[in-house]
Amino acid sequence: MTEATGIVGEFLSLKAETDADVLAMQCGDFYEFFDEDAELVAEELDLTISQKSSHGSSYPMAGVPLDDLTPYLKALVERGYRVAVADQYETADGHAREITRIVTPGTLVETGADDAQYLAAVVSDGSGSDERYGVAFADVTTGQFFVSGLDGADATAELVTELYKFDPVEVLPGPTVRTDDVLLDRIRERTDATLTLHAADAFAPGRARHTVREQFGEETVDAVGIADDEGAIRAAGAVLSYVEETGQGALAAVTRLQQYGSGDHVDLDATTQRNLELTETMHGGTDGSLFATIDHTVTSAGGRLLKEWLQRPRRSRTELERRQSAVAALTEAAMAREELREILDGGYDLERLASRAASGSADAGDLLRVQGTLDLLPQAADLVAETPRLADSPLASVIEQPDRETGASLAAELDEALVEDPPSTVTQGGLFRLGYDEELDELIERHEAAKEWIATLDDREKREHGITHLQVDRNKTDGYYIQVGKSETDKVPDEYEPIKTLKNSERYTIPELEEREREILRLEEQRGDLEYELFGELRERVAAHAELLQDVGRALAELDALASLAAHAVRNDWARPELAESRELDVRQGRHPVVEQTTEFVPNDLRMDDDRRFLIVTGPNMSGKSTYMRQAALITLLAQVGSFVPADAARVGLVDGIYTRVGALDELAQGRSTFMVEMQELSNILHSASDDSLVILDEVGRGTATYDGISIAWAATEYIVNEIRSRTLFATHYHELTTLGDELPSVENVHVAADETDGDVTFLRTVRDGPTDRSYGVHVADLAGVPEPVVDRSRDVLDRLREDEAIEVRGSGGSEGGDTTQVVFDLDSGQFKGDEQTSGETRVATDGSPNQATSEDDDPRLDPATEAVLDELRDVDVNETPPVELLAKVQEWQAELDGE
Ligand SMILES: Nc1ncnc2c1ncn2[C@@H]1O[C@H](COP(=O)(O)OP(=O)(O)OP(=O)(O)O)[C@@H](O)[C@H]1O
């Protein structure tokens, strides 16, 4: 194929210059895509493809009008593509084109989503156990910029957790990271980010440091305390240079460098965030998450902040008490709270608008939204000042924080400058009020006068020439014209010069009109140019106040988030928790914040302190163990957000981390066995939790053979109680573990009660002290529709087991000629026993402890037929096998065991 020339050739050579996935090239009034790019956008965005021939070949082509590019860009970028935009500019001999910006998921300023949009860079130095990372997160749509250095044994896990928390849309892996398959896989697992290779030298320490200083100034870098953290600096520098390189101009809005991770936040690993369903449920939806339940914010910035609070609860008591006092004041000042929310409801996203001003994409409407939103702060301030309960609260300082004077003068300037309902294009004039600029006023006056002259021309002509059907109008092809009805064309004077004949009328022009038309066109152009220039200056002045806008935006967002917490507390009768330094958690009549919304909830107490640090929670299946434990975690978390909590009263000893291990739902898809995941999570908890942490373990050990499971759960309990000393809730169906309550200090049993009368089980949902030894698993199997014969047979077996107080494995005796062999695990003694009546042998573990019980030497020998049945039994996936097949299996096994 010959090489394409002309416009296609130009496109292809520009495309070869960039590493973007797609190129949009301006051709006059359109942005065009050619070749593979045309096919891609046609497929993704449903554009029509046409063919463009060049040098004997035909190329697919698709295009969008100039002014419509943004939504298409957004759509492509949201699908993870990086899009280069080439613009056309005039030259002495025609025009040329060059790539002016690259729009990527992490640098798209005009996002439509409410959520934060982080661009991250990750660098690593060190290796093995001495792994060190630097990480930076920038949200160019709001100007947020966070950096952190991570080191120590758990640095990799912490890094993955941070990535999960910030959930970046684009990640720039540093030079070493991009060669680390394992880490890259974990990043892909934990985020939906596009991974982009950014120039390696942007990560170089010297260059990165220079970039960071240029952006934030040397003093800031020193003050924030990252000057010595090379990893953090390298990551920060790489992010900044990438934003700059994409040419989006958003860098100007990134004004504040914030370091995080130095112990101000409660550790919430990625698993825990998911398990507690903070922002998404385990099934991936948002409905039914904690955030969806408690979010009553009225602005997107308020919602974003509240979500951030949930994802990053605080450890600082001062900060939490400040938020609590504000929420408390708002719960008590009902009318003022609702009025405040109404005021806020009129606001727009100032942080986002600041970024749009800085990147030059804000239009006149955006600047009016800036003005309108700036005006809300003084309104909120007046309301707070007039309401004594609020005036004494920390709300006053939230409002005091931004520079209100400058805010007011910027708002006044915008108000004086722009007309009420400006057009969305900024090049055609019509944006400014009279009195804003003298030169513009004069142009406007002349423009308006010329238009006025034309507006009255028809009357003059009608009068002078006695024509009734005469009108003056304008269109694109003919410009201004005088139109006269056919019946009266004989009355037109000589100076009327015909320009077009229509069916029923004739169009004319006259020299005077032509002159005015030229004047109007000239004035329109001058006015458009001048207004565009003035608008650019005005937008730059707004952009120069990016930091102020961010301050006001955050203050309004904070008011919104606090008012939302107060509104939820009032509607749901939540109480202000007392924050304690001691290691306790004392909840009176606590509820689960999400479940209480949809259920007649039975409240429960919870008491944990130094003498009662580890609670073993037993109770029937479905009784509410998981709910009770999550409730404890969520109450703690809400308290450390500064919120009220779903309880009559609560005293919450502040925690440094919340760790959970509950049933994993979605890990299988990622190729790890359920049990492996369970153990990795347990391992992570045992490494990370401290005596200030809250640990929730739901059925640890369940994923493997019973004895291994009990052994692991037992040993983990001992380790947590003796070594870690965290506050821990551990739900289990291994009732053997309840004996630990007597043996270890600070371990107590509680159970969720159920009532059984004549075989009918009622879940009481009440938590009481002491253990229980009943699971009612058979009852739940019945409820779930397991076939009756299986349920009945289970009941028989269960009754026998209860009589024997033993776990029994039953098989046909090979050598004993059909006699039954029984191997039992005695719940009282925690020992294995052979059935002396039939086999005459006793198999007892040497020291009686469960984890010894499975040792090879003591393994009871069974005949091969029984072994085979047991193997099959172990392998059956109960969740995957239809009940009828299960039933058939059971019959088959019975037959085999009966020696048939
Ligand atoms: N205190 C309560 N009041 C009302 N309903 C509750 C309460 N606690 C739990 N429930 C409801 O009971 C059901 C079972 O709760 P949960 O999953 O916590 O039980 P579980 O004991 O952990 O079960 P399993 O042992 O089978 O995992 C849930 O649907 C929950 O909504």
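Two strands are taken to pair if DSSP finds at least two bridges between them. Helices (H or I, at least four residues) and strands (E, at least two) are DSSP runs, numbered from the N terminus. The structure is a predicted model, in which local features need pLDDT of at least 70, side-chain atom pairs count only at pLDDT 80 or more, and totals for chains, interfaces and linings use all residues. Residues are numbered from 1 along each chain as its sequence is written.

The chain holds 31 helices and 30 strands. Of its 900 residues, 41% count as buried. A residue is buried if 20 or more other C-beta atoms lie within 10 Å of its own, exposed if 12 or fewer, and partly exposed in between, with C-beta atoms placed from the backbone. Two residues are in contact if their C-beta atoms, placed in this way, lie within 7 Å. Among contacts in the chain with a separation of 6 or more, 68% join residues 24 or more positions apart.

One open sheet has six strands in the order S3-S4-S2-S1-S5-S6, and its pairing is mixed. Strand S3 (50-54) and strand S6 (94-103) are the edge strands, each pairing on one side only. On average, neighbouring strands of this sheet are turned by 35 degrees against each other, direction ignored. Within the sheet, strand S2 (residues 30-34) and strand S4 (residues 57-65) run antiparallel and are joined by five bridges. Here Glu32 stands opposite Gly63 in S4. Helix H2 (residues 35-45) packs on the sheet and touches strand S1 (22-27), S2 and S4. The direction of H2 makes about 50 degrees with that of S4. For such values, axes are lines fitted to C-alpha atoms, for helices over the stretch in contact, and angles run from 0 to 180 degrees between N-to-C directions. Helix H3 (residues 69-78) lies across S1, S2, S4, strand S5 (83-91) and S6. H3 runs at about 150 degrees to S5.

A further open sheet of six strands follows the order S11-S10-S7-S8-S9-S12, again with mixed pairing. Its edge strands, S11 (194-195) and S12 (258-259), each pair on one side only. Strand S9 (residues 144-151) pairs with S12 in the parallel sense over two bridges. Val147 has Gln259 as its bridge partner in S12. Two helices pack on this sheet. Helix H4 (residues 155-166) touches strand S7 (119-125), strand S8 (132-139) and S9, and its direction makes about 10 degrees with that of S8. Helix H8 (residues 230-245) touches S7, S8, S9 and strand S10 (170-173), at about 35 degrees to the direction of S8.

Strand S14 (residues 470-475) and strand S15 (residues 479-485) run antiparallel, joined by six bridges. They form a hairpin with three residues between them. The bridge partner of Arg474 in S15 is Tyr480.

Strand S23 (residues 657-661) is mostly covered, with five of its five residues buried. In a regular strand the side chains alternate between the two faces of the sheet. Gly657, Tyr659 and Arg661 point one way from S23, while Ile658 and Thr660 point the other way. S23 pairs in the parallel sense with strand S13 (residues 267-268) over two bridges. Asp267 has Gly657 as its bridge partner. S23 also runs parallel to strand S24 (residues 693-698), to which five bridges join it. Thr660 stands opposite Ile696 in S24.

The ligand is surrounded by 14 residues, the closest being Asn621, Gly624, Lys625, Ser626 and Thr627. A residue is near the ligand if its C-beta atom, placed from the backbone, lies within 6 Å of it. Helix H24 (residues 625-639) gives the largest share of this shell, three residues. The shell divides into four nonpolar, eight polar and two charged residues. Ala, Val, Leu, Ile, Met, Phe, Trp, Tyr, Cys and Pro count as nonpolar, Asp, Glu, Lys and Arg as charged, and the others, Gly among them, as polar.

An unreviewed UniProt entry places the feature "binding site" at Gly619, Pro620, Asn621, Met622, Ser623, Gly624, Lys625 and Ser626. UniProt positions are given in the numbering used here, feature names are shortened, and annotations may be inferred rather than shown by experiment. Gly619 is found in the loop between strand S21 (614-618) and H24. Gly619 is buried because 28 other C-beta atoms lie within 10 Å. Leaving aside neighbours within four places in sequence, Gly619 is in contact with Lys625, His751, Val752, Ala754 and Thr772. Asn621 lies in the loop between S21 and H24. With 18 other C-beta atoms within 10 Å, Asn621 is partly exposed.
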